[in-house]
Amino acid sequence: MTVESTAARKPRRSSKRVSAAKKPASSEPQLVQLLTPEGERVEHPDYDIDLSPEEIRGLYRDMVLTRRFDAEATALQRQGELGLWASLLGQEAAQIGSGRALRDDDYVFPTYREHGVAWCRGVDPTNLLGMFRGVNHGGWDPNSNNFHLYTIVIGSQTLHATGYAMGVAKDGADSAVIAYFGDGASSQGDVAESFTFSAVYNAPVVFFCQNNQWAISEPTERQTRVPLYQRAQGFGFPGVRVDGNDVLACLAVTRSALERARRGEGPTLVEAFTYRMGAHTTSDDPTKYRHDDERQAWEAKDPILRLRTYLENQGLADEAFFAELDEESDVLAKRVREAVRAMPDPDHMAIFDNVYADGHALVDEERAQFAAYQASFADASEEGK
């Protein structure tokens, strides 16, 4: 399912919608929300969308399949098939909503957790697992899907996105660029530099911050004195906070920010206020630094549950739809398991290839040393026979 990347439109008046709650006081963060945790559709004066039932079901399908893939990857790591995994559990709405707002010619610079955005860009889920299994550095061609390889260095992808966006502007293209990062990365100097350059050069880039409340074991309140979206004001461009567990709001806000970038109006900071339901990665134990009641409070805001409630209450999906999706999830999970276990081991010497375009004496020396080291294991094996 592909949601049209047109500008946000005013909704048709319908009895199915109710007025949103009064705006909070000016001292409180403004939160854009179109679907409440109870699955009730509300209006917003600046952001709204009018989607067909098929498009809404498509967003639900995207989130369900992304969560199932993520759960399967976590299980594979626990079984020793992956070295590490960074789960997106709880952040499906932020990723699917923003991912479906993109046009084909837009370019994405992700971190290492944007599995839902990768899904929206048509990257095969099995290709995401090669790096975490240690068989490649990324199993896809970034230019095939306009989706850059995963970035492990915290915050550096925002610089890459800014530079790329500056190039897009100089080329005269009307496409946009989006950079994903977390609340912890917002404390990095790279992100501040990106904000400065993008503002000064009016770069067509959207900075999409998934504020999942925790930078590993550091809560947001120990990272910033103001809501993250307000930081944009100091750099001279707008910021907006959106309910990161509301896929409709994430779609509407991101679509608006991308259109603004395409019109030549410069960058926007979107803070998707969400929650990391699981561990930072599979090497982390969140029980050491946060309480269960915090997670339970956010479980009531689950992005998939709220959209399912809306679909059921409005009669937009029946049991056959949900049953068929469950079967599709099982098929995806099986394909992922089989693909991971069938991945061939990499060529041990490939790490030395393409380091320099024309070769380098030091790399040649290191290659020879490593080859001798590898050969020593074969020699030891022969001696033991």
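Here are a few points to help you find your way around this predicted model.

1. A good place to start is helix α1, which runs over residues 53-78 and has 26 residues. From its first C-alpha to its last, α1 reaches 38 Å, close to the 38 Å expected at 1.5 Å a residue. After α1 comes G80, with a positive phi near 85°.

2. Next, have a look at E81, in the loop between α1 and α2 (92-99). The side chain of E81 meets that of R341 in a salt bridge, at 3.5 Å from N to O. R341 sits in helix α12 (residues 319-341), so the pair links distant parts of the chain, 260 residues apart. R341 is partly exposed, with a relative accessible area of 45%.

3. Helix α13 (residues 361-383) offers a more local pair: R367 and D364 are three residues apart there, which means about one helical turn separates them. Their salt bridge has its closest N and O atoms 2.9 Å apart. R367 counts as partly exposed at 25% relative accessibility, and D364 does too, at 41%.

4. What about R276 and D284, buried or exposed? Both are buried, and they form a salt bridge with the closest N and O atoms 3.6 Å apart.

5. The whole structure holds 24 salt bridges. You can also trace a network of them linking R68, E72, D330 and R337.

6. Finally, visit T151, in the loop between α5 (142-145) and α6 (156-171). T151 counts as buried because its relative accessibility is 8%. A polar atom of its side chain lies 3.4 Å from the backbone oxygen of P110. Beyond its neighbours within four places in sequence, T151 contacts P110, T111, Y112, S156 and Q157.

Conventions. Residues are numbered from 1 along each chain as its sequence is written. This is a predicted model: local features need pLDDT of at least 70, side-chain atom pairs count only at pLDDT 80 or more; totals for chains, interfaces and linings use all residues. Side-chain values use heavy atoms; hydrogens and water are left out. Helices (H or I, at least four residues) and strands (E, at least two) are DSSP runs, numbered from the N terminus. Buried means under 20% relative accessible area, exposed over 50%, partly exposed in between (1.4 Å probe, protein chains only). A polar contact is a pair of N or O atoms within 3.5 Å; within protein, one must be able to donate a hydrogen and the other to accept it, and residues adjacent in sequence count only if both atoms are side-chain atoms. Contact means heavy atoms within 4.5 Å. The expected span of a helix is 1.5 Å times one less than its number of residues. A salt bridge is a side-chain nitrogen of Lys or Arg within 4 Å of a carboxyl oxygen of Asp or Glu.
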